[in-house]
Amino acid sequence: MRLIFFTIFFLTTIVARAQWKTSLGINIPPVIAKSIEISSELSRHSGYSLNFNIGHTFNTGHTGLIDHKVNDGISERSTSGTFVKAGVRLYPTSISGKQKRNHFFVGASLILSQYKQTALQQNLLEDAGFMDIRIPVSVKGTTLFPAATIGFQHNLTRFLILDWGVQKSFVIRENNYLGRRERNYQPGAGSAQSDPFIGYFQGIIAFKYRFR
């Protein structure tokens, strides 16, 4: 949670020292995985902006929208953790400086993800007969990895903004997964099972309020 407080302090300092247009809102898709993500955007030109998101995952067992159920010896897997995203966004159709009601965006960011996972692991080393012996296991850590975004932004009203698109993360993590890597949720990135071919896709549907 310290990451969240640090990020809020950082954003407050930036806004106080410069005349940035600022918007703040919530990204909805992570709620499926018991995650809350607050999205913010700061800009001084309609063609590009800075983006800072913060969030927390609350003990989720989510393994992705496409659940490849396999016996990897792990059950009752639960993930929690805090994440911070910092990046830039480019609006190609607004580079001229003209503000448009609807425009396309591409972006890149770095995600700092803190994670803690717990589960029950089947004990395969003992001959337990018909008994299913499972022992508690856990891992934790912090990792930094890049992500790319693509989507559209719509100015619904003077103050209300809708962003929608997708985020693709390139998770770099120690080999401390509980069971199969694909079934481990990563705070801020999603699950590797969210897409059967590439993995770590996460939706963007964010309603934001623009401050004047």
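Start by selecting leucine 156. In this predicted model, Leu156 is partly exposed, with a relative accessible area of 36%. That label fits because buried would need under 20% and exposed over 50%. Look along the backbone on either side: Leu156 sits in the loop between strand 6 (134-155) and strand 7.

**Stop 2: the patch around it**

Now add Ile28, Val31, Phe152, Leu160, Trp164, Ile205 and Phe207 to your selection. Together with Leu156, these residues make a nonpolar surface patch of about 680 Å². Which elements give two or more residues to the patch? They are strand 7 (160-169) and strand 10 (201-211).

**Stop 3: strand 10, two faces**

Colour strand 10 in two shades. Use one shade for its covered face: Gln202, Ile204, Ala206, Lys208 and Arg210. Use the other for its uncovered face, made of Phe201, Gly203, Ile205, Phe207, Tyr209 and Phe211. You've already met two from the uncovered face, since Ile205 and Phe207 also belong to the nonpolar patch.

**Stop 4: the partners of strand 10**

Keep strand 10 on screen and show strand 7 with it. The two run antiparallel and are joined by nine bridges. For one example, click on glycine 165, whose bridge partner in strand 10 is isoleucine 204.

Next, bring up strand 1 (residues 21-27). Strand 1 also pairs with strand 10 in the antiparallel sense, over six bridges. Here, try glycine 25: its bridge partner in strand 10 is lysine 208.

**Stop 5: going inside**

Hide the surface and select Ile111, Phe145, Ala147, Val171, Tyr177, Ala189, Ala192 and Tyr200. These eight residues form the largest nonpolar core. Zoom in on one of them, alanine 189. What is it in contact with, leaving aside its neighbours within four places in sequence? The answer is Phe145, Gln167, Ser169, Val171, Tyr200, Phe201 and Gln202. Phe201 should ring a bell: it is on the uncovered face of strand 10.

There is also a second, separate core of five residues, including Ile74, Ala119, Val137 and Val139.

**Last stop: the whole chain**

Zoom out and switch to a cartoon view. You should find one helix and 10 strands, and reading along the sequence, the helix comes before the strands. Of the 212 residues, 47% count as buried. Among contacts with a separation of 6 or more, 66% are between residues 24 or more positions apart.

Finally, turn the surface back on. The accessible surface of the chain comes to about 11,900 Å², and 63% of that belongs to carbon and sulfur atoms.

Methods:
Residues are numbered from 1 along each chain as its sequence is written. This is a predicted model: local features need pLDDT of at least 70, side-chain atom pairs count only at pLDDT 80 or more; totals for chains, interfaces and linings use all residues. Side-chain values use heavy atoms; hydrogens and water are left out. A nonpolar core is a set of buried Ala, Val, Leu, Ile, Met, Phe, Trp, Tyr and Cys residues joined through side-chain atoms within 4.5 Å. Buried means under 20% relative accessible area, exposed over 50%, partly exposed in between (1.4 Å probe, protein chains only). Contact means heavy atoms within 4.5 Å. Patches are made of residues with over 30% relative accessible area and no salt bridge: like charges are joined within 9 Å, nonpolar side chains (Val, Leu, Ile, Met, Phe, Trp, Tyr) within 5 Å. Accessible areas come from the Shrake-Rupley method with a 1.4 Å probe; for residues, only the protein chains shown count as cover. A salt bridge is a side-chain nitrogen of Lys or Arg within 4 Å of a carboxyl oxygen of Asp or Glu. Helices (H or I, at least four residues) and strands (E, at least two) are DSSP runs, numbered from the N terminus. Two strands pair if DSSP finds at least two bridges between them.
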